[in-house]
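Let's take a walk through this fold, one piece at a time. Keep the structure open beside you as you read.

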Amino acid sequence: MKKRNSVLVGMSGGVDSSVSALLLKQQGYDVYGVTFKLSEDQDSLSLNYAIKVAEKLKIKYEVIDITKEFKKEVIDYFLEEYQRGRTPNPCVICNRKLKFHQLIKYADEKGIDFVATGHYVRVDKNNQRYFLRKATDLKKDQSYFLYRLTQEQLRRSIFPLGNLSKNDVRDIARKFGLGVADKKDSQDICFIHNGDYSSFVKNNSNIPFEYGDIINMKGEKIGTHSGIFKYTIGQRKGLKIPSSNPLYVIDIDPVKNVLVVGEESDLYSNNFEVSDVNLMAIDNLNKPLDVTVKVRSSAIPVPAVITNSRKNNVLVKLGKRQRAVTSGQSAVFYKNDILVAGGIIV
């Protein structure tokens, strides 16, 4: 008799990962569950949900402590980016360097064939190359956050929810009595409580809590800020500068400890560069390529042309100017629903 394929499901205690485990079991996989402990103050209620779902599905389940790895790969990166005057994208980094890395590492230790998560995305293959497609439910598509996955990670990954809507998933959870059908989605970064980024940075890093100058586009001092890590490109709130027109953060200079502000028209860009590029659906970028690009997870994709640039960067020429293109965030490129590549905005 042929051995059934096995799969390790990352279970957060939410409806998406719970239904993923259920669907994979229904499809005939030997299913194993794992929850990663990321911090000492991790939500114990979600952990209890994951345990109860694993018991309901009668699957082997384990909690693994990776707090040290999480601090090194995600939190330290998050703090370092703010120190450099950039706005980090911790979920993007976490998926490749931590979540999928640790899932595959644990799967290998246990002899498990595949790994799975509750992300809304589809994986495909063409000419021996694996790539992601957007989810059928575009409102829930999470491909943006997974653009850094490697070919090996894609080869080993299953995404059971890629062709389902959120309502479908909740209905399935309700039908099978998983107890998580009406559980709310998490909105904030998992290690930031109440959305208070500045307090987290202040309390967990050596970034100096120093006042500095706010200057206009002409280089003239027009105000004082209370710490550059409190601000991001495009921010208006908290500047406290009297002006006849609204002012926004245009640039952040961590070396001089200076914020540059201007009017909203100053926020728009025609082109920019990305570094640390991950080519997913293509082997190389040896000629200009027409794509659409998202400059943040919630952005509407716009037409662009991407070409190789200096120092292995990629130059992005926009077909439509974009507001608040922010250093440290990710730009992700698509051909229709295929994720082509992505990188970190310089």
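What follows goes from the sheet to a helix pair, then to the nonpolar cores and two backbone oddities.

Bear in mind that this is a predicted model. A good place to start is the open sheet, whose five strands pair in parallel and come in the order β3-β2-β1-β4-β7. Which strands stand at the edges? They are β3 and β7 (157-158), and because each has a single partner strand, one side of each is left without a neighbour in the sheet. Further in, β1 (residues 6-10) runs parallel to β4 (residues 114-116), and three bridges join the two. If you want a spot to zoom in on, Val9 sits opposite Ala116 of β4. The sheet also has α2 packed on it: this helix touches β2 (30-37) and β3, and its direction makes about 155° with that of β3.

Now swing over to a pair of helices. α3 (residues 67-83) packs against α7 (residues 197-204) with the axes 11 Å apart and an angle of about 100°, which means that α3 is roughly perpendicular to α7. On the α3 side you'll find Ile75, Phe78, Leu79 and Tyr82, and they meet Tyr197, Phe200, Val201 and Asn204 of α7. Sort the residues of this contact by type and you get seven nonpolar, one polar and no charged.

Phe78 turns up again in the largest nonpolar core, which has 46 residues; along with Leu8, Phe70, Leu132 and Phe191, Phe78 touches the most other members. Among the elements that give two or more residues to this core are α3, α7, β2 and β6 (129-134). Which element gives the most? That's α4, with nine residues. As for Leu132, its contacts beyond four places in sequence include Val121, Leu146, Phe159, Met280 and Ile338. Apart from this core lies another, of 27 residues, with Val19, Ile59, Tyr120 and Leu161 among them.

Last, have a look at the backbone. Most residues other than glycine have a negative phi. Lys58, though not a glycine, has a positive phi of about 55°. Where does Lys58 lie? It is in the loop between α2 (44-57) and β3 (60-65), and Lys58 counts as exposed because its relative accessibility is 70%. Asn336 also isn't a glycine, and it has a positive phi of about 55°. The loop that holds Asn336 runs between β16 (330-335) and β17 (338-345). With a relative accessible area of 73%, Asn336 is exposed.

Definitions and conventions: Residues numbered from 1 in each chain as written. Predicted model: local features only at pLDDT ≥ 70, side-chain atom pairs only at ≥ 80, totals over all residues. Heavy atoms only, no water. Helix = DSSP H or I, 4+ residues; strand = E, 2+ residues; numbered from the N terminus. Buried < 20%, exposed > 50% of the residue type's maximum accessible area, 1.4 Å probe, protein only. Pairing = 2+ DSSP bridges. Contact = heavy atoms within 4.5 Å. Axes fitted to C-alpha atoms, helices over the stretch in contact; angles between N-to-C directions. Parallel < 35°, antiparallel > 145°, perpendicular 65-115°, else oblique. Nonpolar A, V, L, I, M, F, W, Y, C, P; charged D, E, K, R; others polar. Core = buried A, V, L, I, M, F, W, Y, C linked by side-chain atoms within 4.5 Å.
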